[in-house]
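Q: I would like to go through this structure with you. Could we begin with the cysteines?

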Amino acid sequence: MNEYTRETVSTLFYDKVDAIIIVDAQKDVYHTVKKRGLFEDFLETDGNYKSLIEKLWFHFSDNSNKIADDYHVFIPMIGQFKGKYVDRIKLKINDEIRLIQISIYPLDDDSNKYMFIFDELDNSEYLREFLTDRKVDTIQSSYLFSMYVDLIKDIAYSINVTEISSNPQNYDVKYTTWRMMIVNMIWPEDQKLFLERTDPDYLKKNLHPGRTTSFDCQMKNLKGVFIWVKLIFSRTSTNNEEDFRFVFMVQDIHENSMQLFETLKKYEDLASRDPLTSLFNHGRIETEISNGVEAFKSKGTQVSLMMLDIDYFKKVNDTHGHSVGDIILKQFADLVVDFLKPYNIITGRWGGEEFVCVCYDMDSGKVKQVAEELRQKILESDFDTVGKLTCSVGLTEVKSSDTAKSVFDRVDRAMYEAKTSGRNRTISN
């Protein structure tokens, strides 16, 4: 063993490793001392350090797809290392995943100069890494990001981005700086909540030792797509009330959230729909009348109301029974909706054989034309069992002095006048 001297070990080390580069992070450059194998093409003799960091860490761990440009603001931070650091990363080269080990040594304590040593690991090592990662992914696949936070020192460290690497990154950043950088990745409508709930003073005041708080928001993922996430703060449990250290995690809840929203939408729809005709029910179309009045007053949108009442519908029920009456109501509703489809008109069943339409973006002349064409279409149509039907129609425009009640009362009077003046006609009020 005595034959191994400082010189022979240095030579042996140089011969064994695949690549060595010297980095000056401050000047944003690197110089390659040695390269072989896959590193022949991967490393330039002299290159840009930020570009190298991007190639090494700013892609997804299992393929070569790049991370969204928004996250590139963190490149300078990732390129600065605190002490020695070792990482294993996956690079996709020539359509093949290659497992690389990187060892990083600071050249001195006072500058941002490092020595990077690269080695490609063999296939058996890759298989072990793959199986290990798969176990980790099974357990933690929903956690996209984690880090430790010390609010007293204003430091975030041991930062782990699961989709980049299973290892924590060996750099730290001021928590207040990170917070203002990451806010740009939050959905604009959620940014106020994010800033409020991640504020150091808020966390100190509201989170006691050993307790956890969380909130949901939309956040841009590494692909640049907004997804639903849960942001979790867990305060370290200690006896020191002034020890404000936290674990911060980002959990992917997008799929579950979308399923929940879909379920809620179904229940909302059921609560808003008339079960027989599937039109908006009385409560929902009443809300739409209020929306129409508000749209007219705040935006100047032209809004009119149309009210339809099937003529002599009591005879249908008395002669053919209520089951036939229900079929006729549904057929009538389908005809009205189909006819009004080209227009910005929202239709609901007010009750019984009465229907209300809130008509947007049409002047009174156009609304009257559409109402007359609809009345004529109903007159010419054949309905199951009963054959021909007619309807009476009332119309009115929303005015600046209107409330939802006053505009409805007016259209109701117009429809009543159409009924009492002979039916099967359109009256404006």
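A: Certainly. This is a predicted model. The sulfur of Cys359 has its closest cysteine sulfur in Cys357, 5.7 Å away, which is too far for a bond.

Q: And how many disulfides does the structure hold?
A: The structure holds zero disulfides. A disulfide requires the two sulfur atoms to lie within 2.5 Å. Seen from Cys357, the closest cysteine sulfur is that of Cys359, at 5.7 Å, too far for a bond.

Q: Is Cys359 buried or exposed?
A: Cys359 counts as buried because its relative accessibility is 0%. Cys357 is likewise at 0% relative accessibility and counts as buried.

Q: Changing topic: which residues have the most contacts inside the largest nonpolar core?
A: They are Trp57, Phe116 and Phe118, in a core of 67 residues. Helix H3, residues 49-57, gives the most to this core, with five residues.

Q: What does Phe116 touch?
A: Leaving aside residues up to four places away in sequence, its contacts include Ile20, Val23, Tyr49, Leu56, Trp57, Phe81 and Ile104.

Q: What about a second core?
A: A separate core of 29 residues includes Met306, Phe332, Leu335 and Leu395.

Q: Now the helices. At what angle do H10 and H14 cross?
A: The axes of H10 (residues 282-299) and H14 (residues 404-420) cross at roughly 110° and come within 9 Å. The two helices are therefore roughly perpendicular to each other.

Q: Which residues make the contact?
A: H10 contributes Ile289, Ser290 and Val293, while H14 contributes Ala404, Val407 and Phe408. Of these contact residues, five are nonpolar, one is polar and none is charged.

Definitions and conventions: Residues are numbered from 1 along each chain as its sequence is written. This is a predicted model: local features need pLDDT of at least 70, side-chain atom pairs count only at pLDDT 80 or more; totals for chains, interfaces and linings use all residues. Side-chain values use heavy atoms; hydrogens and water are left out. Axes are lines fitted to C-alpha atoms, for helices over the stretch in contact, and angles run from 0 to 180 degrees between N-to-C directions. Helices (H or I, at least four residues) and strands (E, at least two) are DSSP runs, numbered from the N terminus. Angles under 35 degrees count as roughly parallel, over 145 as roughly antiparallel, 65 to 115 as roughly perpendicular and the rest as oblique. Contact means heavy atoms within 4.5 Å. Ala, Val, Leu, Ile, Met, Phe, Trp, Tyr, Cys and Pro count as nonpolar, Asp, Glu, Lys and Arg as charged, and the others, Gly among them, as polar. Buried means under 20% relative accessible area, exposed over 50%, partly exposed in between (1.4 Å probe, protein chains only). A nonpolar core is a set of buried Ala, Val, Leu, Ile, Met, Phe, Trp, Tyr and Cys residues joined through side-chain atoms within 4.5 Å.
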